[in-house]
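Hi everyone, thanks for making time this morning. I'd like to walk you through some side-chain contacts and one small piece of strand pairing. Let me put it up on the screen.

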Amino acid sequence: MQYRSDVEAADALKNAYQQIRSEIGKVIVGQDEVIKFVLISIFSNGHCLLVGVPGLAKTLLVQTVAQVLDLDFKRIQFTPDLMPSDIIGSEILGEDRNFKFIRGPVFSNIILADEINRTPPKTQAALLEAMQEKSVTAAGVTHTLAKPFFVLATQNPIEQEGTYPLPEAQLDRFMFNVALDYPTFKEELQVVKNTTSTTQAVVHKQLNAAQIIYFQQLVRNIPVSDNVLEYAVKLVSKTRPNSEFASPQVKRLLNWGAGPRASQFLILGAKCHAVLNGKYSPDIEDVQAVAKPILSHRIVRSYHAEAEGFSANDIIEQLF
């Protein structure tokens, strides 16, 4: 796969993105914003957390993305009795009296961590090394994961019984925290029509693993101007109550702000968002377009914010 220039490659990525969107649209009705952020996280080499009530096609979306991108896909259903070895694999004694490592489902390109908050922190942490280092360690031996590697996790926000909220350190590993909403009346009509008949949508593969890795590198190569860099870093600094950039309102509404990883993801996400919209360098609008799902799970609201009904997104909007 050779392109004469990065500009030609960027155009190819934009075209591939549009084709991927139309293929996914054969199966998933609506959810345009969610699909956009999932694909941006993939091309930015990040992970994505999908939060929504049951029945909003979170699992179906991830399966469809894996199909269209021609990637190896594994689903892990998180339960309270799931063990770390059920995810990363374990050593067993073979017939030759030597131990051998049996790989777990984490050895795949796309991992669907279904209802990730249903398992205790010990098992949630088994994904941490995989998400950050793209490798897992078992019995003192480090095993490298296949590239590309993404964790797309789902979480149900309404049930609290039998759940274990994700620790802040693990939440920070996710590039995006995307909230799924109910479909509109027209969209739901279409969903019911599509799913209660015998017709089945056939999706066609658009990219393969090698092309995705190439486009991930392309996104990193995209130039970004100093004023956009400064805007992104300042935006993150504004979320920190003890920062010189924090407003009195932010100091009142937030206990903790976002860390440096948020600044990195803002720039990566803005670069990818720019290319997918036909631009060759991101501007401030691109940073703002990806800011809410990047910052919303990295800030901790104060008692005042919760009492006055300020959501994380309401506070982020005040920072623009």
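I'll go through a few salt bridges and then turn to a hairpin. Please keep in mind that this is a predicted model.

Let's begin with the charged side chains. How many salt bridges does the count come to? The answer is 12, and I've picked three of them to look at with you.

The pair to start with is Glu-33 and Lys-36, whose side chains meet in a salt bridge at 3.2 Å, N to O. Where do these two residues sit? They belong to helix α2, residues 32-43, and because they are three residues apart there, about one helical turn separates them. What about the surroundings: is Lys-36 buried or exposed? With a relative accessibility of 14%, Lys-36 counts as buried, since the cut-off for buried is under 20%. Its partner Glu-33 has 46% and counts as partly exposed.

Now please rotate to Arg-252 and Glu-308. Their side chains form a salt bridge too, with an N to O distance of 2.8 Å. Arg-252 is in helix α11, residues 248-253, while Glu-308 is in the loop between α14 (303-307) and α15 (312-319), so this pair ties together parts that lie 56 residues apart in sequence. As for accessibility, Arg-252 is partly exposed at 32%, and Glu-308 also counts as partly exposed, at 43%.

The third pair I chose is Lys-279 with Asp-286, and here the salt bridge is 2.9 Å from N to O. Have a look at the accessibility of each partner. Asp-286 is buried, with a relative accessible area of 1%, whereas Lys-279 is partly exposed at 27%. While we are on this topic, there is also a network: Asp-172, Arg-261 and Arg-298 are joined into one by salt bridges that share partners.

Let's leave the charges and move to the strands. Which way do β6 and β7 pair? Strand β6 covers residues 135-138 and strand β7 covers residues 141-144, and the two pair in the antiparallel sense over four bridges. If you want a place to check the register, find Ser-135, which stands opposite Thr-144 in β7. Together β6 and β7 make a hairpin with two residues between them. In that turn, Ala-139 has a positive phi of about 55°.

That's my tour for today. Thanks for listening, and I'm happy to go back to any of these spots on the screen.

Conventions: Residues numbered from 1 in each chain as written. Predicted model: local features only at pLDDT ≥ 70, side-chain atom pairs only at ≥ 80, totals over all residues. Heavy atoms only, no water. Salt bridge = Lys/Arg side-chain N within 4 Å of Asp/Glu carboxyl O. Buried < 20%, exposed > 50% of the residue type's maximum accessible area, 1.4 Å probe, protein only. Pairing = 2+ DSSP bridges.
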